[in-house]
Structures are given as structure tokens and as C-alpha cells.
Amino acid sequence: MFLTALIVIGIIAFVIFLILMIPVGADIGYANGQLSLSAKVLGLFIQLLPKEEGREKKPKKEKKPKKEKKPKKPKKEEDSDQEQKKEEESGKKKGLPLGLTIDDLLELVKKVFKGLGKFRIWVDRFLLHYIAAGAKDPYKSTVTFGKINATLCALAPMCSRKFKCRDTDVYTDINFAEEKTFIEFGLGFHIRIGTLFAVANTILFGAAWVIIKSKSRQLLEKIKARFARKTDEAPAEEAPAET
């Protein structure tokens, strides 16, 4: 009985291991203003965008015309003033999400990038064709073209160290006779399911730790503020009268 249980547990663990080793990915493309997206599972592509034209849809039944609603009476000016005040107060109260400060958000971003750093991604292809149009505003087009090239030059060494790309095709140019910028982009990658779970756990636990620290700090600040308020409001002891 014990041996049978060990065999069953071993088989289940082996199946889970095989599932976690399954490669999944995506292939994203953009050309001529059209976006294409395909999912990749075990080397097979499943087209998601653009959607294939299926069978003709049945014509929808004509809906009966709705009865015209009577126009509502205008609200009083006092109600509108109160609503404006409420909106202003709610706008003032709105801040960063979950009450986080900028330092908390920066720490959260670090946690996210730390998790992303554990990604082991295989890049199948990377394509970028950018031809800036300089007919309308040559100066602005030249500045934009220079910024894009500077960004690509800064990212190229980091990406070459981080990822291994099988097929790379990057081309940039500027054409002062064209009025419309031409952009063509393509990215294909795949990753194991187990790696996705590991990175997701790292990011989630890191974000939860940052939020817990922020909430505990806010709670301590509220307690200190209440304690200071009580000490200020407490009446001072009267000095004994001189005899």
C-alpha cells in the first residue's frame, strides 16, 4: 500500500514537472496599421488577431422602438453645488493607488524588475523597420529620429546580454519626401510555464511586502497623531495656590 502511494505521488510529480516544462509564447506583429497576434504552444501557432472570418452571423432581430422617456426636471442649483463640492473633495482625497508614496512605488518597481530579471526568455525573432517622414516638419522628425536611434543604441547591449535572439532585423531611416511615417514591428518569444509561475510569485510577494510595509507605517503615523492630539487637548494641571 505504501509503495503504491509512492508510485502514484511520483507519477503526479512527473506529470506536473512535464507541464511546467511546456514552452509557451507569442508572436506579435504590426505593419501598415494592422496588429497581428498569435499564441505559441509546443511549437504550434494559434492566430488570435486578426480574427479569421467565420460563418455568416444570423441577422439580429429587430428590436422594438423604446418608449420615449419624459425629460427629467432640472435639479436645483443647491444640489448641483453640493455635487461639485463632493467631486472636488473626492478629487482632493484621490492620490497614489492604495495610499502608496513615491518611495513605495519605486520600491515596488524594483521588486517587479527583480522578478522580471529571473525571466529566461528565448527570442525567436525581433524586427523593427522605422522610416521617419520629414516632409511636414523636418526639424521635429530629425529630433525624433535621433532620439529613437539613441534609445536603440542604449538598449542594444543590454538586450544582447540578457536575451539571445535567433533572428534580428533592425533598420531606421528618415525620408524628407514622405508625409507619413512607416513602422513595421515584429516580436516572437517563448518561455516555460514553470518560469512564469516563479516570476509571478516573486512579483506578487514583493508587491504584497511593499503594501504591508506602507500600511503598517500609515497605521503607526495615525496612532502617533492621535496620541499627540490627546496630549495637546488634555487640560494642564493647575499650579497649587500660594499661601
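This is a short dialogue between a learner and a teacher on reading a predicted protein model.

Q: Where do I start: how many helices and strands are in the protein?

A: A good first step is to list the elements and their order. This predicted model has five helices and seven strands. Read along the sequence, they follow the pattern α-β-β-β-α-α-β-α-β-β-β-α.

Q: And what share of the residues of the protein count as buried?

A: Relative accessible area is the value to look at here, and a residue is called buried under 20%. Of the 243 residues in this protein, 14% count as buried. One residue to try this on is His129, which lies in strand β4. His129 has 18% relative accessibility, so it counts as buried. You can also look across the chain from there: the C-alpha atoms of His129 and Ala31 are separated by 9.5 Å, although the two residues are 98 apart along the chain.

Q: Now the salt bridges. How many are there by this rule?

A: The general idea first: side chains of opposite charge can pair when their charged atoms come close. The count here comes to three salt bridges. Let's take them in turn.

Q: Which residue meets Asp27 in a salt bridge?

A: Arg125 does, with 3.0 Å from N to O. This pair links distant parts of the chain, as Asp27 is in strand β1 (residues 23-31) and Arg125 is in strand β4, 98 residues apart.

Q: Are Asp27 and Arg125 buried or exposed?

A: Take each partner separately. Asp27 counts as buried because its relative accessibility is 17%. Arg125, with a relative accessible area of 27%, is partly exposed.

Q: What does Lys40 form a salt bridge with?

A: The partner of Lys40 is Asp124, and their closest N and O atoms are 3.1 Å apart. Lys40 lies in strand β2 and Asp124 in strand β4, so this salt bridge ties together parts that are 84 residues apart in sequence. Lys40 is buried, with a relative accessible area of 16%. Asp124 also has 16% relative accessibility and counts as buried.

Q: Which side chain meets Arg166 in a salt bridge?

A: That is Asp124 again, at 3.8 Å from N to O. Arg166 lies in the loop between β5 and β6, while Asp124 is in strand β4, so the pair ties together parts 42 residues apart in sequence. Arg166 counts as exposed because its relative accessibility is 66%. Through shared partners, salt bridges join Lys40, Asp124 and Arg166 into one network.

Q: Let's turn to pockets. What volume does the largest pocket have?

A: For a pocket, read the volume, then the lining. The largest pocket has a volume of about 500 Å³. It is lined by 16 residues, and the closest to its centre are Val123, Phe126, Cys159, Phe163 and Cys165.

Q: Which elements supply at least two residues of that lining of the largest pocket?

A: They are β4 (122-133), α4 (138-162), β5 (164-165), β6 (168-175) and β7 (182-192). The largest share, five residues, comes from α4. By class, the lining of the largest pocket divides into 13 nonpolar, two polar and one charged.

Q: Which residues line the second largest pocket?

A: The second largest pocket holds about 150 Å³ of space. Phe119, Arg120, Ile121, Trp122, Ser160, Arg161, Lys162, Phe163 and Lys164 line it. Helix α4 gives the most to this lining, with three residues. The classes here are four nonpolar, one polar and four charged residues.

Q: Finally, the surface. Which residues make the nonpolar surface patch?

A: A patch is best read as a group of residues, together with the elements they come from. Here Tyr30, Leu35, Val41, Leu42, Ile46, Leu48, Leu49 and Ile183 make a nonpolar surface patch of about 660 Å². The elements giving two or more residues to the patch are β2 (34-41) and β3 (44-49). Strand β3 gives the most, with three residues.

Q: Where is the place of Leu42?

A: Leu42 sits in the loop between β2 and β3. Its relative accessibility is 56%, so Leu42 counts as exposed.

Technical notes. Residues are numbered from 1 along each chain as its sequence is written. This is a predicted model: local features need pLDDT of at least 70, side-chain atom pairs count only at pLDDT 80 or more; totals for chains, interfaces and linings use all residues. Side-chain values use heavy atoms; hydrogens and water are left out. On a 1 Å grid over the protein atoms alone, a cavity is a set of points where a 1.4 Å probe fits but cannot get out, and a pocket is an open set with protein on both sides within 12 Å along at least five of seven lines; lining residues have an atom within 4 Å of a point. Grid points are joined across faces, edges and corners, and a volume is the space filled by probe spheres set on the points. Helices (H or I, at least four residues) and strands (E, at least two) are DSSP runs, numbered from the N terminus. Ala, Val, Leu, Ile, Met, Phe, Trp, Tyr, Cys and Pro count as nonpolar, Asp, Glu, Lys and Arg as charged, and the others, Gly among them, as polar. Patches are made of residues with over 30% relative accessible area and no salt bridge: like charges are joined within 9 Å, nonpolar side chains (Val, Leu, Ile, Met, Phe, Trp, Tyr) within 5 Å. Accessible areas come from the Shrake-Rupley method with a 1.4 Å probe; for residues, only the protein chains shown count as cover. A salt bridge is a side-chain nitrogen of Lys or Arg within 4 Å of a carboxyl oxygen of Asp or Glu. Buried means under 20% relative accessible area, exposed over 50%, partly exposed in between (1.4 Å probe, protein chains only).
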